[in-house]
Amino acid sequence: MKNFKRSVVLLTIIGFILGFCGNVMAADEDGKISINTATLEELTQLKGIGEKTAQKIIDFRKENGPFKDLKDLEKVSGIGPKTLMDIMDKIKL
C-alpha cells in the first residue's frame with residue numbers, strides 16, 4: 001500500500017510537470033506568438049501590448065474571425081504602425 005501511494009504521488013508530480021511544459025512549448029514553440037490563438041497573458045508579453053490592448057485583439061478576433069495578415073493588427077484600436085513594427089518579428093498568424 002505504501003508503494004502504491006508513492007507511485008500515485010510520483011505520477012501526479014510528473015503529470016503536473018509535463019502539463020506545464022506542454023503549455024509553455026505550445027505557446028513558444030518557434031519563439032513567436034500566434035495572434036490568432038494567443039491568450040491575454042501571451043499577448044501581453046509583446047512590447048507595447050498591455051492588458052487592455054491584448055483584450056482588444058481577442059475581441060477583434062472574436063468579432064471578425066482570425067487575422068488573415070499580420071498588418072491587420074493595425075485595425076485594432078491602440079495598435080499603430082510603430083507598435084506593429086516593434087512586434088512584427090515576434091508574432092505569427
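Trainee: Let's start with Lys-62. Does Lys-62 count as buried or exposed, and at what relative accessibility?

Mentor: Exposed: its relative accessibility is 68%, and anything over 50% earns that label. Keep in mind that we're looking at a predicted model.

Trainee: Where is Lys-62 found?

Mentor: Lys-62 belongs to helix α3. It sits 9.7 Å from Asn-36, C-alpha to C-alpha, though 26 residues separate the two in sequence.

Trainee: How do I read a helix like that one? What should the span of α3 be?

Mentor: Use the rise. At 1.5 Å a residue, the 14 residues of α3 (residues 51–64) should span 20 Å, and the C-alpha atoms at its ends are 20 Å apart, so expectation and model agree.

Trainee: And how do I work out which way the residues of a helix point?

Mentor: The general idea is that an α-helix has 3.6 residues a turn, so residues three or four places apart point the same way. Now the case here: the buried residues of α3 are Thr-53, Ala-54, Ile-57, Ile-58, Phe-60 and Arg-61. Viewed down the axis of α3, these buried residues fall within an arc of 155°, so they line one face of the helix.

Trainee: Which residues are exposed on the other side of α3?

Mentor: Glu-51, Lys-52, Lys-62 and Glu-63 are exposed there. As for the buried residues of α3, their cover includes α2. Just past the end of α3, Gly-65 adopts a positive phi of about 85°.

Trainee: Back to Asn-36. Where is its place in the fold?

Mentor: In the loop between β1 (33–34) and α2 (40–43). Asn-36 has a relative accessible area of 19%, so it counts as buried, the cut-off being under 20%. Leaving out residues up to four places away in sequence, Asn-36 touches Arg-61, Pro-66, Phe-67 and Leu-93.

Trainee: What about Ala-38, is it buried or exposed?

Mentor: Ala-38 also lies in the loop between β1 and α2, and at 3% relative accessibility it counts as buried. Setting aside residues up to four places away, its contacts are Ile-33, Leu-43, Ile-58 and Arg-61. Ala-38 and Ala-54 are 16 residues apart in sequence, with their C-alpha atoms 9.3 Å apart.

Trainee: Arg-61 turned up in both contact lists. How do I read charged side chains in general, and how many salt bridges does the structure hold?

Mentor: Side chains of opposite charge can pair when their charged atoms come close. In this structure there are 3 salt bridges. Lys-82 pairs with Asp-86, the closest N and O atoms being 3.3 Å apart. Both lie in helix α4 (residues 81–87), 4 residues apart, about one turn of the helix.

Trainee: How do those two compare with the solvent-facing labels we used before?

Mentor: Lys-82 counts as exposed at 60% relative accessibility, while Asp-86 counts as partly exposed at 28%.

Trainee: Which other pairs are there?

Mentor: Asp-72 bridges to Lys-75, with the closest N and O atoms 3.6 Å apart. Asp-72 is buried, at a relative accessible area of 17%, whereas Lys-75 is exposed, at 58%. The side chains of Asp-89 and Lys-90 also meet in a salt bridge, 3.7 Å from N to O. Lys-90 is partly exposed, with a relative accessible area of 42%.

Trainee: Now rings. How many aromatic pairs does a search of the whole structure find?

Mentor: It finds 1. Phe-60 and Phe-67 form that pair: the centres are 5.3 Å apart with 15° between the planes, and the pair is stacked. To call it stacked, the planes must be under 30 degrees apart. Both Phe-60 and Phe-67 are buried.

Trainee: Last, let me step back. How many helices and strands are there in the protein?

Mentor: The protein has 4 helices and 2 strands, and from the N terminus on they run α-β-α-α-α-β. Of its 93 residues, 28% count as buried. The protein exposes about 6800 Å², and carbon and sulfur atoms supply 60% of that.

Trainee: And contacts between distant parts of the chain?

Mentor: Among contacts with a separation of 6 or more, 44% come from residues 24 or more positions apart.

Terms used
Residues are numbered from 1 along each chain as its sequence is written. This is a predicted model: local features need pLDDT of at least 70, side-chain atom pairs count only at pLDDT 80 or more; totals for chains, interfaces and linings use all residues. Side-chain values use heavy atoms; hydrogens and water are left out. Buried means under 20% relative accessible area, exposed over 50%, partly exposed in between (1.4 Å probe, protein chains only). Contact means heavy atoms within 4.5 Å. Accessible areas come from the Shrake-Rupley method with a 1.4 Å probe; for residues, only the protein chains shown count as cover. The expected span of a helix is 1.5 Å times one less than its number of residues. The arc is that of the directions from the helix axis to the C-beta atoms. A salt bridge is a side-chain nitrogen of Lys or Arg within 4 Å of a carboxyl oxygen of Asp or Glu. Rings of Phe, Tyr and Trp (its six-membered ring) pair if their centres lie within 6.5 Å; planes under 30 degrees apart count as stacked, over 60 as edge-to-face and the rest as tilted.
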